[in-house]
Each structure stands twice: as C-alpha cells, then as structure tokens.
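Please walk me through this structure, from its strands to its core and its charged pairs. I have not seen it before.

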Amino acid sequence: IPPFESNHASFLEKLPDGGLVMAWFSGKEEGADNVSIVLAHLPPKSTQWSKASLVARRPGYSNQNPVLFFDIGAYVLYLFHSQQKAKVPPSEDDAIVWMSISTNMGLNWTEEVAAFTKPGSFDRNRVITSLSGAWLIPMYFA
C-alpha cells in the first residue's frame, strides 16, 4: 500500500468502530520536496488495508511524523504532523506542526492549519488525555 518510494514513521490509531487507521510519511526520501502524509484504513473485521490516500502535501516542503488522535468526546479524528522546508540532508530548524480534522474517521480532512508555530517544533508521540480532559501533546524542538 505505500504509494511512494520511501516510507517512514508509521502511526496507528484504533477507531471506535473497531477499525484501524494508519498514517505515515512517504516520498523520495526524508526531507525531500513533496514528502507527503498518507493514510490507510483497516475496516472492522477485515484483513485488507485500503489503498493509501494522500492527506498532506505542500510543494517545497517535507511533511513528517504523523500523529493521529481520536477524540471520543467530540467524535473527531485529528492528524498532527511536522512540516519543514525541503532539503537533503533534512534540517528540523524551521519545522512547525500542522493539524487537520476529520469528522468521518479519516475519509475526508479539513484544510490544514498551523498548530504549533515555534520554529523547530516536532511531534512524534501519542497524544495523551489527562484526568481533567486536557490534551498532552509530547513534542521536541530542534
């Protein structure tokens, strides 16, 4: 199911219907122009993943490190990912984190918005909901 030559940093999220959704970055190589975030579904009780679909791509940039989070209270699937200017070897110094929202379990997505704009922002780990309901989004900075 990988659509491009290089595939890396997969992230798996269980959906409330029992299905799974997986996102990863895919392109020529890490840091290269047009490295994209792609996503595939494994429906409940199925053994066959869907064909990967493109969910984030921006010319001149490299998209990386997808993080999926299903907010059961809002019944919304979130996609966070880092994006940096394309260059090889890659540099995370100018990366920021973008966010898209899906209200139909990842079949369609809103337009991306910048979520964390401090240069060097990188996500990679699962979002955690605290006992108070606040989100904890582990990040690191270049």
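The paragraphs below take up the sheet, the nonpolar cores and the salt bridges in turn.

The model is predicted. A place to begin is an open sheet of 4 strands, which runs in the order β5-β6-β7-β8 with antiparallel pairing. Strands of a sheet pair through backbone hydrogen bonds, and the pairing may be parallel or antiparallel. Here the edges are formed by β5 and by β8 (113–116), each of which pairs on one side only. Averaged over the sheet and with direction ignored, neighbouring strands are turned by 35 degrees against each other. Between β5 and β6 the antiparallel pairing extends over 9 bridges. One residue to look at is V67, whose bridge partner in β6 is F80.

F80 also leads to the interior. It is among the residues with the most contacts inside the largest nonpolar core, along with I37, L39, L68, L77 and W109. That core has 26 residues. At least two of its residues come from each of β1 (6–14), β2 (20–27), β3 (36–42), β4 (53–56), β5 (61–71), β6 (76–85) and β7 (96–102). The largest share, 5 residues, is supplied by β6. In soluble globular proteins, nonpolar side chains tend to be buried together.

W109 shows what such contacts look like for a single residue. Leaving aside residues up to four places away in sequence, W109 touches L39, V55, L68, L77, Y78, L79, S100, I101 and S102. Apart from the largest core lies another one, of 5 residues, including M22, V38, A40 and A52.

The charged side chains come next. How many salt bridges does the structure hold? There are 2 salt bridges. One of them joins the side chains of E13 and R126, at 2.4 Å from N to O. This pair links distant parts of the chain, since E13 sits in strand β1 and R126 in the loop between β9 (121–123) and β10 (128–129), 113 residues apart. Are its two members buried or exposed? E13 counts as buried because its relative accessible area is 9%, under the 20% limit. R126, with a relative accessible area of 41%, is partly exposed.

The side chains of D94 and K87 also meet in a salt bridge, at 3.9 Å from N to O. Here D94 is partly exposed, with a relative accessible area of 24%. K87 is partly exposed too, and its value is 34%.

Note on methods
Residues are numbered from 1 along each chain as its sequence is written. This is a predicted model: local features need pLDDT of at least 70, side-chain atom pairs count only at pLDDT 80 or more; totals for chains, interfaces and linings use all residues. Side-chain values use heavy atoms; hydrogens and water are left out. A nonpolar core is a set of buried Ala, Val, Leu, Ile, Met, Phe, Trp, Tyr and Cys residues joined through side-chain atoms within 4.5 Å. Buried means under 20% relative accessible area, exposed over 50%, partly exposed in between (1.4 Å probe, protein chains only). Contact means heavy atoms within 4.5 Å. A salt bridge is a side-chain nitrogen of Lys or Arg within 4 Å of a carboxyl oxygen of Asp or Glu. Two strands pair if DSSP finds at least two bridges between them. Axes are lines fitted to C-alpha atoms, for helices over the stretch in contact, and angles run from 0 to 180 degrees between N-to-C directions.
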